[in-house]
Amino acid sequence: MAKLRHIAIVVRDPEESAKFFEQAFDMKVVGRARRGLYVSDGAINVALLKVESETERLGVTHFGMWVDDLDAAEKKVLDAGGSYLSGCPTSPHSFYE
């Protein structure tokens, strides 16, 4: 069974947002990303991503699932009717947890 791994939220200031998650929920900063950082409760991460353009909306942008086999999971999602919003990532810098 796939497991929820992270929820990504686009925010104005990832550092300030992280302080909120630390103070309000006792979460800890556990990593840095190209455009933000991750806070965690030890099981689930919240990716706090800095808004990159005036057209990008603030708020929840995506969720990440933890799977044992990426190819099998992709097929299962596509077979269930899922699709890529902007194409399958092909960059060697694409990140998979």
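**Aromatic cluster and nonpolar surface patch**

In this predicted model, F20 is partly exposed, with a relative accessible area of 47%. F25 is also partly exposed, at 48%. Both values fall short of the exposed class, because that label is kept for residues over 50% relative accessible area. F21, in contrast, is buried, with a relative accessible area of 14%, and the reason for that label is that buried means under 20%.

These phenylalanines also meet through their rings. A pair of aromatic rings is described by the distance of the centres and the angle of the planes. With ring centres required to lie within 6.5 Å, the count comes to three aromatic pairs. One of them joins F20 and F25, with 5.7 Å from centre to centre and 90° between the planes. This pair is edge-to-face, because plane angles over 60 degrees are placed in that class. The rings of F21 and F25 have centres 5.8 Å apart and planes at 50°, so this pair is tilted. An angle of 50° is neither under 30 degrees, as stacking would need, nor over 60, and therefore the tilted class applies.

The sequence positions help to place the second of these contacts. F21 and F25 both belong to helix α1, which covers residues 14–25. The two are four residues apart, about one turn of the helix. Taken together, F20, F21 and F25 are linked by ring pairs into a cluster.

Helix α1 also holds S17. This serine is buried, with a relative accessible area of 17%; the label follows because the value lies under the 20% limit. Once neighbours within four places in sequence are set aside, S17 is in contact with V11 and L48.

Attention now turns to the surface. L4, I7, V60, F63 and M65 make a nonpolar surface patch of about 470 Å². Strands β1 (3–11) and β5 (59–66) are the elements that give two or more residues to this patch. The most is given by β5, with three residues. V60, one of the residues of the patch, is found in strand β5. With a relative accessible area of 67%, V60 is exposed, because the value is over the 50% limit for that class.

Side by side, the two regions read quite neatly: ring pairs link F20, F21 and F25 into a cluster, while L4, I7, V60, F63 and M65 make the nonpolar patch.

Notes: Residues numbered from 1 in each chain as written. Predicted model: local features only at pLDDT ≥ 70, side-chain atom pairs only at ≥ 80, totals over all residues. Heavy atoms only, no water. Phe/Tyr/Trp six-rings, centres within 6.5 Å; stacked < 30°, edge-to-face > 60°. Buried < 20%, exposed > 50% of the residue type's maximum accessible area, 1.4 Å probe, protein only. Patch = residues over 30% accessible without salt bridge, like charges linked within 9 Å, V, L, I, M, F, W, Y side chains within 5 Å. Areas by Shrake-Rupley, 256 points an atom, 1.4 Å probe, with all protein chains shown as cover. Salt bridge = Lys/Arg side-chain N within 4 Å of Asp/Glu carboxyl O. Contact = heavy atoms within 4.5 Å.
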